[in-house]
Amino acid sequence: MHYFEYKKGELYCEDVALKDLAENVGTPTYIYSQKTIERHFQAYQSGFQNTDHLICYSVKANSNLSILRLLGEMGAGFDIVSQGELYRVLQAGCDPKKVVFSGVGKTQTEMAYALDHNILSFNVESEQELKVLNAIAKEKNKKAPVSLRVNPDIDPKTHPYISTGLKKNKFGIPMEEAKSIFKNLAQYPNIQFMGMDCHIGSQMLSLDPILETVRELKKLILDLKTHGIEIRHLNLGGGLGISYTTETPPSPQEYLKEVLKELEDLHLKILIEPGRSIMGNAGILLTQVLYTKTNTSKNFVIVDAAMNDLIRPTLYQAHQDIWPVAGEKRSMTTVDIVGPICESGDFLGQDRDLPELKSKDLLAIMGAGAYGFTMSSNYNSRPRVAEVLVLGETYKVIRKRETLEDLIRGESL
Ligand SMILES: *Cc1c(COP(=O)(O)O)cnc(C)c1O
């Protein structure tokens, strides 16, 4: 994460001082480092070496048009979970033929829209969905390209809300059922079967569940082969974890090395859908201290960002490091960093040891590039914050701060 570092006692993003961004763009603001995004994407690219592959960046992690365009220009495809995300990919000028469409609840409108734009593949998550897609494709006199999302019933050992590969989760098709669908493909004349996919969870810090999944999928692929069914592409999903504080996840290269070793004799096209591991540590949320106060047992630092801007801490009990923008030495205190929203769950960090803070001090909530802005809302009628992309000494506002008029757009009296 070395594109966010202290220079001359001040926190920088690349060669731009965060203090200057606060002055020029205001707070709260999401700030992304282009060089970090590029480095993370290249780490995956280089890990694939000569293997036929496509990196489908998971749009829900951060769907800003400028971020999509940047990744598209580097050769990324996209993993989408809604019509809106496909619309964004198109608006960013990226290629729909590199788009895969995941999600358990695709509507007919969404399927039709994606078919019209000739996406690469639908990641189908149930037999009913497959039937509906087949019917829509038939009406359009098309063949819908499909991967079956299998649920391998493997525990990714992550937060329960972002665990997706267990039988008790709503995602994917159980292995046995997938096998029987593959054996009855003739029932779906308007489906073109491309392969299979999976995505067992997010923020995974160990390779074991991923490798176990790969071995299960390999077994299924080999079994189908004996029945004359050829799987050509295998999508392993996303989910590689990042270091928010002291976690030590495998690097993209280590992950790919191990995974590709398991699969080398199958000669498949390998797709992956990383989101967090590309964007998470490429962004921060810059916020300013409004007030400090002490109740009998706690010290509170009230900042201008809140749970509506960054919900991970309260939704997932996620720990994200909080750094003071001014690096000067002060005496340390233990504080809760909280927002202005009328909920006790409105915190960005609890029991943090930080240099003594006062009004107008700036703080950086680290690791906020993924599932930050995209999960933000207007709760408490707070306009959504600005987003900035930094490259070297330059920066661009890639989303304006919302105005009061934005808050009521579409409403009537
Ligand atoms: C969310 C999601 C991803 C991305 O997960 P990360 O943990 O951000 O890498 C990939 N594939 C699917 C189907 C998803 O739902």
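**Figure 1. Two domains in one chain.** Domain bounds here come from an automatic or database domain assignment. The model is predicted. The assignment splits the chain into domain 1, residues 4-32 + 280-407, and domain 2, residues 34-277. Domain 1 is thus written as two segments, 4-32 and 280-407. Between the C-alpha centres of domain 1 and domain 2 the distance is 32 Å.

**Figure 2. The interface of domain 1 and domain 2.** Domain 1 supplies 26 residues to the contact, and domain 2 supplies 21 residues. Together the two domains bury about 2,100 Å². Carbon and sulfur atoms give 53% of that area. No salt bridge spans this interface: the rule finds 0.

**Figure 3. Close-up of the domain 1 side.** Three residues of domain 1 lose the most area to domain 2: Asn-281, Tyr-316 and Tyr-371. Together, Asn-281, Tyr-316 and Tyr-371 make up 27% of what the domain 1 side buries.

**Figure 4. Helix α3 crosses helix α4.** Two packed helices are described by the angle between their axes and the distance between the axes. Helix α3 covers residues 65-73, and helix α4 covers residues 83-91. Their axes come within 9 Å. The crossing angle is roughly 65°. The α3 and α4 crossing is right-handed.

**Figure 5. Residues at the contact of α3 with α4.** From α3 come Leu-65, Leu-68 and Arg-69. From α4 come Arg-88, Val-89 and Gln-91, which meet the α3 residues. By class, the contact of α3 with α4 holds 3 nonpolar, 1 polar and 2 charged residues.

Conventions
Residues numbered from 1 in each chain as written. Predicted model: local features only at pLDDT ≥ 70, side-chain atom pairs only at ≥ 80, totals over all residues. Heavy atoms only, no water. Axes fitted to C-alpha atoms, helices over the stretch in contact; angles between N-to-C directions. Helix = DSSP H or I, 4+ residues; strand = E, 2+ residues; numbered from the N terminus. Left-handed = near helix turned anticlockwise from the far one by under 90°. Contact = heavy atoms within 4.5 Å. Nonpolar A, V, L, I, M, F, W, Y, C, P; charged D, E, K, R; others polar. Buried area = accessible area lost by both parts, 1.4 Å probe. Salt bridge = Lys/Arg side-chain N within 4 Å of Asp/Glu carboxyl O.
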